[in-house]
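Work through the exercises below with the model open. Each task is followed by a stepwise solution.

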Amino acid sequence: MKEMTKADIVNEITKKTGIDKASVLQSVEAFMEVVKESLGKDENVYLRGFGSFVVKKRKQKTARNISKNTTIIIPEHNIPTFKPAKTFVLSVKD
């Protein structure tokens, strides 16, 4: 399985749009920052036809610290998740 980095994404967008790399990089960075800030404020981000960045709340749970053989409590906390749109899933399946 191949991987794609942020630099690869910037290069692909540059090729497809003709916009210079610096501008594309600035736009990609700004997009990521807006998504992080929104999720940090407990606001979900919906991109029709692509997917949703959603904040999910994890309940408090009990866990074990194996090295010290003790029980610890992991408090309730938020985690970011991504749910792809149906059209996104179908395009990846093929």
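**Exercise 1: Thr 14 and its surroundings**

Thr 14 sits in helix 1 (residues 6–17); helices are DSSP runs of H or I with at least four residues, strands are runs of E with at least two, and both are numbered from the N terminus. The model is predicted: local features need pLDDT of at least 70, side-chain atom pairs count only at pLDDT 80 or more, and totals for chains, interfaces and linings use all residues. Residues are numbered from 1 along each chain as its sequence is written, and side-chain values use heavy atoms, with hydrogens and water left out.

Task: is Thr 14 buried or exposed, and which residues does Thr 14 touch beyond four places in sequence?

Step 1. Take the relative accessible area of Thr 14, which is 17%. Buried means under 20%, exposed over 50%, and partly exposed in between (1.4 Å probe, protein chains only). Thr 14 is therefore buried.

Step 2. List the contacts (heavy atoms within 4.5 Å). Not counting residues up to four places away in sequence, Thr 14 touches Ile 19, Asp 20, Lys 21 and Val 24.

Step 3. Check the side chain for polar partners. A polar atom of the Thr 14 side chain lies 2.8 Å from the backbone oxygen of Val 10.

**Exercise 2: the helix pair**

Task: at what angle do helix 1 and helix 2 pack, and which residues meet?

Step 1. Fit the axes (lines through C-alpha atoms, for helices over the stretch in contact; angles run from 0 to 180 degrees between N-to-C directions). The angle is about 125°, and the axes are 9 Å apart.

Step 2. Classify the angle. Under 35 degrees counts as roughly parallel, over 145 as roughly antiparallel, 65 to 115 as roughly perpendicular, and the rest as oblique. Helix 1 is therefore oblique to helix 2.

Step 3. List the residues that meet. Helix 1 gives Lys 6, Val 10, Asn 11, Ile 13 and Thr 14. Helix 2 gives Lys 21, Val 24, Leu 25, Val 28, Glu 29 and Met 32.

Step 4. Look at Lys 21, which is found in helix 2. Its contacts, leaving aside neighbours within four places in sequence, are Val 10, Asn 11 and Thr 14. Lys 21 and Asn 11 are 10 residues apart along the chain, and their C-alpha atoms are separated by 6.9 Å. Lys 21 counts as partly exposed because its relative accessibility is 47%.

**Exercise 3: the nonpolar core**

Task: which residues form the largest nonpolar core?

Step 1. Apply the definition: buried Ala, Val, Leu, Ile, Met, Phe, Trp, Tyr and Cys residues joined through side-chain atoms within 4.5 Å.

Step 2. Read off the members. The largest core has five residues: Val 35, Leu 39, Val 45, Phe 53 and Val 55. Helix 2 (21–40) and strand 2 (51–58) are the elements that give two or more residues to this core. In soluble globular proteins, nonpolar side chains tend to be buried together.

Step 3. Follow Val 55 outward. Leaving aside neighbours within four places in sequence, Val 55 is in contact with Leu 39, Asp 42, Asn 44, Asn 78 and Ile 79.

Step 4. Move to Ser 52, also placed in strand 2. Ser 52 counts as buried, at 14% relative accessibility. Beyond four places in sequence, its contacts are Val 45, Tyr 46, Thr 81, Phe 82 and Lys 83.

**Exercise 4: positive phi**

Task: what is phi of Asp 42, and what is phi of Asn 69?

Step 1. Recall the background. Most residues other than glycine have a negative phi.

Step 2. Take Asp 42. Its phi is near 65°, a positive value. Asp 42 lies in the loop between helix 2 and strand 1 (45–47).

Step 3. Take Asn 69. Its phi is near 55°, also positive. Asn 69 is in the loop between strand 3 (61–65) and strand 4 (70–74). At 57% relative accessibility, Asn 69 counts as exposed.

Conventions: Polar contact = N/O pair within 3.5 Å; in protein donor to acceptor, adjacent residues only side chain to side chain.
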